[in-house]
Amino acid sequence: MAKMRALDPDPKVYSTLQSHLNLWLDYTGIGIRPEMLTDFSDFYSHEAGINYPETGGSRSFHNLAGVLKPLFFSDAVRGFSPDKPVFNAEAPLSVNVRGAHKTELIESDLAGLHRKWKFFDATQAEPAGWREKAFDDRGWGNVTVPAMWGSDGYRLCQVGLYRTGFKVAEPAPGRVYLNGQGFADKAELWLNGRKIGSADGFDASFTFDITDALEPENVLAVRIENRYFLDGTYYGGIRGFVSVNTARLVPDFKCGVEERHLRSFLWSQAIRGTSGVMLCYEGNFLKPASRFLPGVKAELENLADIIFDPAARRPAQVGMIYPLETLRALTHKDYLETITSPATSDLMPYYAAALFTRSGGVDVLRNGDLENGRLPYRALVAASNLRSTPAAVAALRRYVEQGGTLLVEYGSLTVNDDTHGSLDASALTGVKILGCETAPASCTLPGIGTVNTHPRRIDGTTRASLELCGAVPVLSYADRTPLLTEHKLGKGRVLFLNGTLKAEAARELTGRLLRESGVAPLVELDSLPGISLPGSVETVLYRDRAGRNVLFLQNFDPDGAAFAKLAGLPAGNYRMRNASTGRKIPSVSGKALWSAEELAKPWPVRLNQYDPVVLLLEPENVEPLALSGISPVRLAMLNELWRVAPEKPGRPTVAVAPVSGSTIDGAVGIAPTAYRLLADHGFNVKLFRNGSSLDGVDVLLLQNRTFRLSEPRKILDFVRNGGALLVCGNAFLNYHVDGRNPQLLEGLGLAEAGLGGVLYNKSDAPPPADKLRVTCRDFTADPVTEHVESFVTSAATWLTKLPEEARVLLKAPESSTAPGKPLLAEFPFGKGKVVWIGDGWFLRPLNLELGGNAQLLLNIVNRLAGRPVARLTQAELDSALFITAAKLEQAEQDEQAGRTVSDRPVSAPLYTGDDTGKVNGIAGGDPIVDLMR
């Protein structure tokens with residue numbers, strides 16, 4: 001950094017290397033240690049996005065682990081950079097609707113369908129009545145499910161018939177479903193002679209509601225057709241899985257990004273010490289729900305002095321070792337394997353167990369941290385931490401002898417990372433590892449049930465062969481091999497977990513052991529009558545120097561509620577406010593203030609999934625903290641975003657292609673004032689997606705070169721037959737904005753400047769002058785350029801080729817890097833018209849207000865639609881340009897001065913048709929007051 005500072009001494013400029021370090025891909029082969037980033041950077045910059053699975057209320061550890069993994073990495077990064085800010089510089093946020101995971105469906109199969117089925121090769125003919133329940137199939141052969149039928153000898157079969165009988169062991173509450181995947185390739189299914197559905201595709205998934213077709217005794221019949229032949233066999237069969245469950249594999253509902261997802265992610269980052277987050281990617285994030293972002297930002301800023309003060313946070317009671325050295329030594333078969341089966345997935349049951357003890361979060365440590373610092377934890381967890389150092393082992397022994405509990409998974413602390421030789425930690429663990437096994441093993445755990453081991457991703461083993469040398473068995477497998485041992489050292493103990501248990505069992509057992517080791521919840525949660533009690537609630541508690549308390553609760557399970565009890569506050573009375581809304585919450589007894597005694601007794605709180613509850617508790621003698629909202633000016637702008645204009649029958653229609661992907665959210669969200677301008681002047685504005693019909697469309701607007709057209713000929717034919725087309729080019733600033741429609745441009749007879757074709761000012765004006773904003777006035781007289789005195793570019797390119805009949809309407813100025821180059825042209829194409837402009841970025845709000853840009857846009861679209869042009873009045877501009885630099889500056893000034901409101905953006909008809917204005921699940925606006933009522 002010293003050399004960099006010599007080149008750029010401006011202290012307002014900070015430098016970093018953005019890298020995700022392949023953390024979620026097991027850190028394999030990256031070659032960079034996290035310390036290297038912090039050593040030469042002013043701040044630590046990484047990439048950690050999140051995907052929220054919406055499951056319709058079903059629980060799945062597989063889905064939960066996917067949400068927890070980026071939070072685990074954020075906790076780890078906090079340890080990598082304890083003294084420098086952490087910036088999450090590339091954080092895509094998305095929501096996926098999912099059903100239950102197939103592994104969990106197989107394990108909970110009510111019918112036990114993975115076994116031998118009756119089978120008949122019907123390539124030549126099908127027996128009459130074979131799908132009926134009473135059909136006699138005793139003469140049929142037997143095949144294994146799941147498998148290809150060729151593996152049971154039917155290699156030349158092209159049409160296979162399956163039959164099996166089953167009972168549902170116990171009447172299931174609610175609906176019952178047949179789930180399956182991989183009925184290759186085309187399948188039809190009957191239950192008790194009634195057709196229940198079909199599946200098409202070698203890996204297609206399906207869910208059929210069979211509740212009304214179930215009988216005490218059932219027969220499932222399946223016909224599968226497969227014509228794929230390779231290496232002497234047809235690839236037909238029930239190749240994936242099949243099960244009967246009360247949960248669905250294929251979901252039957254929709255869900256997009258909502259305010260709660262934004263709050264969940266941003267709060268999760270903040271409580272982990274992340275100083276800044278850049279939410280990104282139009283396809284993932286640019287949604288109507290982003291209207292709530294300014295309010296979430298204000299919520300975080302209100303409490304920033306507390307939550308970003310390390311001294312204010314109640315210390316974590318659990319530390320977990322991040323096995324960085326072990327993961328770095330992994331060798332995956334290929335890149336895809338690191339994505340589909342990262343070894344870090346095996347850490348999630350332990351992380352979940354520690355996080356959901358509600359004991360104040362988890363400190364994720366490195367092996368080096370064990371040697372260098374204090375270990376003020378009631379428990380430490382070391383899972384998959386094969387590689388360590390003698391110094392770290394010695395530090396762990398000191399920790400245990402002083403009263404700590406160490407939970408070690410088998411295989412950990414066995415390789416010396418300094419020498420790559422063996423590491424003997426038996427004096428610490430009380431066990432010697434004689435070797436590792438790969439065969440599954442079974443055990444019965446009190447309160448959990450029968451559990452089987454499964455291969456650990458890090459090395460494919462399931463457990464170890466042990467020799468006890470000081471430890472005593474606590475739990476054992478069915479073959480009496482120890483599953484859990486205890487070794488007492490000094491004032492503490494080492495718990496040795498010998499096996500890779502299924503995720504839910506590993507989480508439950510680990511949580512139980514942590515609680516037995518003195519890890520205590522900051523907040524007790526007890527059941528409310530008739531409402532589900534979530535089991536996956538994260539809790540963090542802060543107390544600043546003035547005595548203000550911030551309580552953070554986040555539920556990762558389906559919606560629920562609880563009686564909460566917060567003990568340990570100093571005696572006295574407290575004001576309680578909802579930090580999200582600023583609302584004052586009266587006590588259970590109806591008083592304005594809560595006593596410490598009341599807070600320690602049960603009070604109700606609603607805990608909706610991914611919707612943090614953040615409560616501010618202030619002593620009555622402390623000045624209330626100002627909880628600001630957002631400026632009324634900003635709120636007015638947000639209320640207009642994505643609002644759909646009423647349809648205008650008989651008026652021309654403009655279809656707009658998005659910048660990239662196919663989401664209307666992004667198409668409307670990027671250029672909202674441009675769409676308002678067109679709607680205000682009598683145009684119907686709608687989305688054009690790949691595959692959309694152009695019937696009834698008068699003008700097609702391609703606003704960015706990065707949107708890849710699947711059918712460019714369709715667009716060319718549309719214009720040839722009388723349609724109108726506006727093509728917006730863009731400067732080739734980097735590979736992200738490379739042109740993706742060469743066939744369309746070639747078909748139109750156009751060629752744009754390629755790499756380096758960026759229009760700049762040649763001015764020597766220093767920053768903050770924007771070199772890309774070039775003021776252009778060299779217009780040709782034409783209806784398109786009427787009433788336009790200047791066009792200000794934002795990221796423009798120019799044409800290097802255009803048709804002979806084209807008319808250039810605007811050239812780049814002499815003061816630019818491309819003097820005289822064509823920036824705007826119109827020409828006929830068949831029966832239609834085309835206008836090309838070299839800048840699609842001018843459609844965005846802060847660019848559309850510059851110069852005569854708005855007038856030029858309206859002129860172009862009026863001209864293409866065959867309408868006369870007219871000068872825009874100031875009132876019309878003020879109405880259409882509802883987002884401007886001046887309004888944003890006013891909003892900033894309002895918020896700095898405290899002139900704010902806590903209102904949410906209104907719910908209104910949106911381009912998406914979604915009701916994204918709601919505060920999901922909180923009917924009255926507060927998670928505590930609603931339940932009290």
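The following legends describe an overall view and several close-up views of a predicted model.

**Figure 1. Overall view of the protein, which has 933 residues.** The protein contains 26 helices and 49 strands. Along its principal axes, the C-alpha trace spans about 95 × 85 × 65 Å. A compact globule with 933 residues would have a radius of gyration near 30 Å, and the 32 Å of the protein agrees with this. Buried residues account for 55% of the 933 residues. The protein exposes about 39,000 Å², of which carbon and sulfur atoms supply 51%. Among contacts between residues at least 6 apart in sequence, 76% join residues at least 24 apart.

**Figure 2. Close-up of cysteine 443, with cysteine 436 as its closest cysteine by sulfur position.** The sulfur atoms of cysteine 443 and cysteine 436 are 17 Å apart, which is too far for a bond. A disulfide requires a pair of cysteine sulfur atoms within 2.5 Å. Cysteine 443 counts as buried because its relative accessibility is 1%, and the cut-off for buried is under 20%.

**Figure 3. Close-up of cysteine 728, with cysteine 776 as its closest cysteine by sulfur position.** Between the sulfur of cysteine 728 and that of cysteine 776 the distance is 15 Å, so the two are too far apart for a bond. Cysteine 728 has 2% relative accessibility and therefore counts as buried. A search of the whole structure finds zero disulfides.

**Figure 4. Close-up of threonine 344, in the loop between helix H10 and helix H11.** Helix H10 covers residues 335-340, and helix H11 covers residues 348-355. Although threonine 344 is found in a loop, this residue counts as buried because its relative accessibility is 0%. Serine 517 is 173 residues from threonine 344 along the chain, and the C-alpha atoms of these two residues are separated by 25 Å.

**Figure 5. Close-up of a nonpolar surface patch made by Leu17, Met36 and Phe40.** The patch has an area of about 240 Å². Leucine 17 lies in the loop between helix H1 (2-7) and helix H2 (34-40). With a relative accessibility of 35%, leucine 17 counts as partly exposed, a class that lies between the 20% cut-off for buried and the 50% cut-off for exposed.

Definitions and conventions
Residues numbered from 1 in each chain as written. Predicted model: local features only at pLDDT ≥ 70, side-chain atom pairs only at ≥ 80, totals over all residues. Heavy atoms only, no water. Buried < 20%, exposed > 50% of the residue type's maximum accessible area, 1.4 Å probe, protein only. Helix = DSSP H or I, 4+ residues; strand = E, 2+ residues; numbered from the N terminus. Patch = residues over 30% accessible without salt bridge, like charges linked within 9 Å, V, L, I, M, F, W, Y side chains within 5 Å. Areas by Shrake-Rupley, 256 points an atom, 1.4 Å probe, with all protein chains shown as cover. Salt bridge = Lys/Arg side-chain N within 4 Å of Asp/Glu carboxyl O. Rg over C-alpha atoms; globule rule 2.2 N^0.38 Å. Contact = heavy atoms within 4.5 Å.
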